[in-house]
Amino acid sequence: MKLIERPLYLRQLEGLINTPDIKIITGIRRCGKSKLLSAFSDYITKTDATSNIIYIDLTKIKFENLKEYHALNDYIEQNYRTGVNNYLMIDEVQLCRNFELAINSLHSEEKYDIYLTGSNAFLLSSDLATLFTGRHMEIHVFPFSFKEYCSYFEIKDDYKLHFERYIKLGGLAGSYTYKNDSDKERYIRDVYDTILIRDLVEKYRLGNATVLKRVAEFLMDNVSNTSSSRNISNALIAAGTETNYKTVGSYIEHLCNAFVFYEAGRYDVKGKTYLQSLSKYYLADTGIRYAVLGKRNMDWGRMLENIVFIELLRRGYDVYVGKLYQKEIDFVAMKGSEKIYIQVSDDISGDDTFRREIEPLLKIRDAYPKMLLASTGHDESDYEGIAITDIPRWLLEEAR
């Protein structure tokens, strides 16, 4: 498979070199965690010539004997070198039974700079504090962005056409190696099914995989719509699926923990408070929606909103759905002291649509930046202080 640099994540890892944390690379299956760890190892080799890198890929036969935690610990200790920086990198660490016992012991010795990747079934964000007794830092990886997609396919023009292709195909780059669309979609469905069955049904011993699938498909079909466990359970029951709101709530939590979906809570723009009721859920990758549901109820505007939401997370923002009186702001993105208000639209060529999309932003009275992202195909313009920006061009900007 062709490889491209992923500087956004490499910069995060570089900033954590020789800190006392256990560094854990997380993200949805097949988003590139193992490739990132390998690229980081290459970076260390180039920048720290005397370093000792203990790199263990537990999917390889030559490390088969290290799938027992005492053997893993002994191998690492035997390969330690004094007087240099010792980097411990383990890919698919969960293949060693009771790996956390070895990692916690090694970490307590304060001799190793530790980096791990693993299956979501064993390294869910919600499990990390329980697994590791020392400090840990999570580096979260997303599927390929549109910018990375263009880099992979060496796209240098006609971005609008390629962007429509990206919406359907998504960023699970393993699918890019297949020549025809049916094989690409089959690859994505296989990844998705593995997450549902192996990472969730088997790990949590869920009694009914069908209900989990129905919940996930409902969320896919209702990306950008406000949802609650109760209204989802009511809809599923009406469609003939036997369930209840507690089960639905638990399954939504599992799907978010496995990084299939991300939750966007609500934020009161006027009161500057976070609201507890009714969240929105966005898919990790739009290619999953197309591969699983096909063209059924396809809404391009909501897919654009999904892509913008994930891109904001990728760029390090905390993202909320804004409420202002009876109006809604698609996103309130916050990072430190920075705040941006964002509306997303597929088409603003009509006056009525433009006014509808711009009106909520015009009602915000503070001085934070405001942006309307749409498929304009033009350079950025300004309307009463609001930046009108083409979505593909915004996605191609360098993430900061």
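Two strands count as paired if DSSP finds at least two bridges between them. With that in hand, here are some close-ups of this predicted model.

**View 1. Strand 12 meets strand 13 at the end of the sheet.** Strand 12 and strand 13 (residues 386-390) run antiparallel and share 3 bridges. One partnership to look for is Y383 with I386 of strand 13.

**View 2. An open sheet of 8 strands with mixed pairing.** Reading across, the order goes 7-6-8-9-10-11-13-12. Strand 7 (273-283) and strand 12 (381-383) sit at the edges, each pairing on one side only. On average, neighbouring strands are turned by 35 degrees against each other, ignoring direction.

**View 3. Helix 7 crosses helix 12.** The axes of helix 7 (residues 159-169) and helix 12 (residues 286-293) come within 5 Å and cross at roughly 65 degrees, so the two helices are roughly perpendicular. Helix 7 brings Y166, I167, K168 and L169 to the contact, while helix 12 brings T286, G287 and Y290. By class, that's 4 nonpolar, 2 polar and 1 charged.

**View 4. Inside the largest cavity.** This one holds about 90 Å³ and is lined by 14 residues, with Y166, A284, I307, I310 and R314 nearest its centre. Helix 13 (residues 300-314) gives the most to the lining, with 5 residues. The lining splits into 8 nonpolar, 3 polar and 3 charged residues.

**View 5. The second largest cavity, at about 30 Å³.** Its lining is M220, D221, V223, R289, N297, D299, R302 and M303: 3 nonpolar, 1 polar and 4 charged. Helix 9 (209-221) and helix 13 each chip in at least two of the lining residues.

Conventions:
Residues numbered from 1 in each chain as written. Predicted model: local features only at pLDDT ≥ 70, side-chain atom pairs only at ≥ 80, totals over all residues. Heavy atoms only, no water. Axes fitted to C-alpha atoms, helices over the stretch in contact; angles between N-to-C directions. Helix = DSSP H or I, 4+ residues; strand = E, 2+ residues; numbered from the N terminus. Parallel < 35°, antiparallel > 145°, perpendicular 65-115°, else oblique. Contact = heavy atoms within 4.5 Å. Nonpolar A, V, L, I, M, F, W, Y, C, P; charged D, E, K, R; others polar. 1 Å grid on protein atoms, 1.4 Å probe; cavity = no way out; pocket = protein on both sides within 12 Å on 5 of 7 lines; lining within 4 Å. Points joined across faces, edges and corners; volume = space filled by probe spheres on them.
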